[in-house]
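Reader: I am new to this model and would like a close look at one part of it, followed outward into its surroundings. Please take your time and explain the terms as you go.

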Amino acid sequence: MESLQHHFLIAMPTLKDPFFAGSVTYICEHNEEGAMGLVINIPIDMKVLELLDQLELEPEDNPALKEKPVLQGGPVAADRGFVLHSPLDGFSSSQQLAEDLMITTSRDVLEVLGTEQQPEKYLVALGYAGWTPGQLEQELVENSWLTIPADTDLIFNTPLSQRWHEAIGRLGIDSRQLSSQVGHA
């Protein structure tokens, strides 16, 4: 099994699951125990400032927090928060995912959002996508996903509404040419 850690899963048009239709998912971990990732292009009806208010955090008055959306990371543990961010040490529960990317699940990262101590780039997601052993591999066989190596430019610099099309385009494919019919050669 080749690990898809630090790759994107790009939903095929045939994938009709309400959580994953039209999604781009960053794979944080993939091994013999399964896989875990975060959907990086589907916002929920909440901004980061609202989330911080719900958690009774008192962020500085920062206009960016009023505009930055919270993302639907996936259907598992939808009340649990994840922050993908540019490297910044000092949080109590962080993991380096790639040279230029970390994930933090501890509250202390939320406490610095909107301040000078925040990571340079970040996204906040509620919930995650999880696959049991062999499940993701089976979905790949079923043509549910395309894969490409991940990069932070797509995560942090591409507008949400363009991430799926941009990811498909990085494969050299025009998304309008993808068929909604499944087949095997």
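Are Phe 20 and Trp 145 buried or exposed?

Author: A word on the basis comes first: this is a predicted model, in which local features need pLDDT of at least 70 and side-chain atom pairs count only at pLDDT 80 or more, while totals for chains, interfaces and linings use all residues. Residues are numbered from 1 along each chain as its sequence is written, and side-chain values use heavy atoms, with hydrogens and water left out.

Phe 20 is buried, and Trp 145 is buried too, where buried means under 20% relative accessible area, exposed means over 50% and partly exposed lies in between, computed with a 1.4 Å probe on protein chains only. The structure holds 5 aromatic pairs, a pair being two rings of Phe, Tyr or Trp (for Trp, its six-membered ring) with centres within 6.5 Å, called stacked if the planes are under 30 degrees apart, edge-to-face if over 60 and tilted otherwise. In one of these pairs, the ring centres of Phe 20 and Trp 131 are 6.2 Å apart and the planes stand at 35 degrees, so the pair is tilted. Because Phe 20 lies in the loop between strand 1 (7–11) and strand 2 (24–31), and Trp 131 in strand 9 (residues 122–131), this pair ties together parts that are 111 residues apart in sequence. Strands and helices here are DSSP runs numbered from the N terminus, a strand (E) having at least two residues and a helix (H or I) at least four. Trp 131, like Phe 20, is buried.

With Trp 145 the geometry is as follows: its ring centre is 5.7 Å from that of Phe 20 and the planes are at 80 degrees, so the pair is edge-to-face. Trp 145 belongs to strand 10 (residues 145–149) and Phe 20 to the loop between strand 1 and strand 2, so this pair ties together parts 125 residues apart in sequence. Phe 20, Trp 131 and Trp 145 are thus linked by ring pairs into a cluster.

The loop that carries Phe 20 also holds Pro 13, which counts as partly exposed because its relative accessibility is 22%. Pro 13 and Ser 23 are 10 residues apart in sequence and, from C-alpha to C-alpha, 9.7 Å apart in space.

From Trp 131 one can follow strand 9 into its pairing, where two strands are said to pair if DSSP finds at least two bridges between them. Strand 6 (residues 76–85) runs antiparallel to strand 9, and 6 bridges join them, with His 85 standing opposite Tyr 122 in strand 9. Tyr 122 also has Lys 68 over its face, at 4.7 Å from the ring centre; for this, NZ of Lys or CZ of Arg must be within 6 Å of the ring centre and within 35 degrees of the ring normal. Strand 6 is further joined to strand 8 by 3 bridges, again antiparallel, and here His 85 stands opposite Met 102. Strand 8 (residues 101–104) in turn runs antiparallel to strand 7 (residues 94–98), with 4 bridges between the two. A hairpin leads from strand 7 to strand 8 through 2 residues, and Ser 94 stands opposite Thr 104.

Strand 6 also contains Ala 77, whose phi is near 50 degrees, a positive value in a residue other than glycine. Most residues other than glycine have a negative phi, and most peptide bonds are trans. Ala 77 counts as partly exposed because its relative accessibility is 30%.

The surroundings can also be read through nonpolar cores, each a set of buried Ala, Val, Leu, Ile, Met, Phe, Trp, Tyr and Cys residues joined through side-chain atoms within 4.5 Å. The largest such core has 38 residues, and those with the most contacts inside it are Phe 8, Tyr 26, Ile 40 and Leu 84. Leaving aside residues up to four places away in sequence, Leu 84 touches several residues, among them Tyr 26, Ile 40, Met 102, Tyr 122 and Phe 156, contact meaning heavy atoms within 4.5 Å. A second, separate core has 16 residues, including Met 46, Val 83, Val 109 and Val 112. In soluble globular proteins, nonpolar side chains tend to be buried together.
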